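Here's a quick briefing to read alongside the model. Have the sequence and the coordinates open while you go through it.

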Amino acid sequence: IIINKIKNSDIADIIVAEILVAVKDNIGPFRMFVGDTFIDNLSLKAKEVINSAIDKKADAYVRNMVSQEVETFLHKPINEVADSISIYKDVITDVIFNMYKAFVDTRAEGLVKKIEISEIVKQKIVMYEPAKLEEIILMVVKKELSAIIYLGVLLGAIMGFVMNLF
């Protein structure tokens, strides 16, 4: 990715533009001997040379640089690694969140289908002894029934209050 970004960037244009400004500012009295056409042709040739060098050498240069950085990183003490990572906490958090979001958007549904949760639940229920299963069901039903009873009491109180008003 880094190599492609470098190759597709306009680094040559930026470098040549800066060099042209420096040359034009420092050429002094020789400016009248050097025409703008010569400078424009020179800048086009410079862009070609720079882009050619980037195409030929960027791959090896970036790979070597990344390898060196990885090697240096792997030999750092863990406390230095933790300090260097904490500096980029927000960036790392954003990257991980975006990766998670992309995973959920693209692959989570297929993964859930492969897992077959309903089949796993069926197998777990079948493995329970009937007495244990009945106990679990009664426990859940008891909680739900008590919630229904309290809701009925509340609704009854409200209806009684409203009926006494009228």
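Where is the place of S43? S43 sits in helix 3, and we'll come back to its surroundings below. First, the ground rules: this is a predicted model, so to speak, with local features needing pLDDT of at least 70, side-chain atom pairs counting only at pLDDT 80 or more, and totals for chains, interfaces and linings using all residues. Residues are numbered from 1 along each chain as its sequence is written, and side-chain values use heavy atoms, with hydrogens and water left out.

**Overall layout**

- The chain has eight helices and zero strands, where helices (H or I, at least four residues) and strands (E, at least two) are DSSP runs numbered from the N terminus.
- Reading along the sequence gives the pattern α-α-α-α-α-α-α-α.
- The radius of gyration is 36 Å, well over the 15 Å that the globule rule gives for 166 residues, so the chain is more spread out than a compact globule. Here the radius is taken over C-alpha atoms, and the globule rule is 2.2 Å times the number of residues to the power 0.38.
- Along its principal axes, the C-alpha trace spans about 105 × 55 × 35 Å.
- Buried residues make up 8% of the 166 residues; buried means under 20% relative accessible area, exposed means over 50%, and partly exposed is in between (1.4 Å probe, protein chains only).
- Of the contacts with a separation of 6 or more, 66% come from residues 24 or more positions apart, a contact being heavy atoms within 4.5 Å.

**Helix 2 against helix 3**

- The axes of helix 2 (residues 11-26) and helix 3 (residues 36-74) come within 9 Å and cross at roughly 145 degrees. Axes are lines fitted to C-alpha atoms, for helices over the stretch in contact, and angles run from 0 to 180 degrees between N-to-C directions.
- Helix 2 passes helix 3 in a right-handed crossing, meaning that the near helix is turned clockwise from the far one by less than a right angle (anticlockwise would be left-handed).
- On the helix 2 side, the contact is made by I11, A12, D13, I15, V16, L20 and K24, and helix 3 brings I39, S43, A46, K47, I50, N51 and I54.
- By class, that contact has nine nonpolar, two polar and three charged residues. Ala, Val, Leu, Ile, Met, Phe, Trp, Tyr, Cys and Pro count as nonpolar, Asp, Glu, Lys and Arg as charged, and the others, Gly among them, as polar.
- Back to S43: it is buried, with a relative accessible area of 9%. Leaving aside neighbours within four places in sequence, S43 is in contact with V16 and L20.

**Salt bridges**

- The count comes to three salt bridges, each being a side-chain nitrogen of Lys or Arg within 4 Å of a carboxyl oxygen of Asp or Glu.
- K47 and D13 meet in a salt bridge at 3.5 Å, N to O. This pair links distant parts of the chain, with K47 in helix 3 and D13 in helix 2, 34 residues apart.
- Both ends of that bridge are partly exposed: K47 has a relative accessible area of 25%, and D13 has 38%.
- D59 pairs with R63, the closest N and O atoms being 2.4 Å apart. They are four residues apart in helix 3, so about one helical turn separates D59 and R63.
- D59 is partly exposed at 30% relative accessibility, while R63 is exposed at 54%.
- K101 bridges to D105, with the closest N and O atoms 3.2 Å apart. Both lie in helix 5 (residues 89-106), four residues apart, about one turn of the helix.
- K101 is partly exposed at 41%, and D105 is exposed at 54%.

**Loop residues to look at**

- E116 is found in the loop between helix 6 (108-115) and helix 7 (117-127), and is partly exposed at 46%.
- The phi of E116 is near 55 degrees, a positive value in a residue other than glycine. Most residues other than glycine have a negative phi.
- Y128 lies in the loop between helix 7 and helix 8 (130-165), partly exposed at 40%.
- Not counting residues up to four places away in sequence, Y128 touches L133 and I136.
- The C-alpha atoms of Y128 and K47 are separated by 75 Å, with their positions 81 residues apart along the chain.
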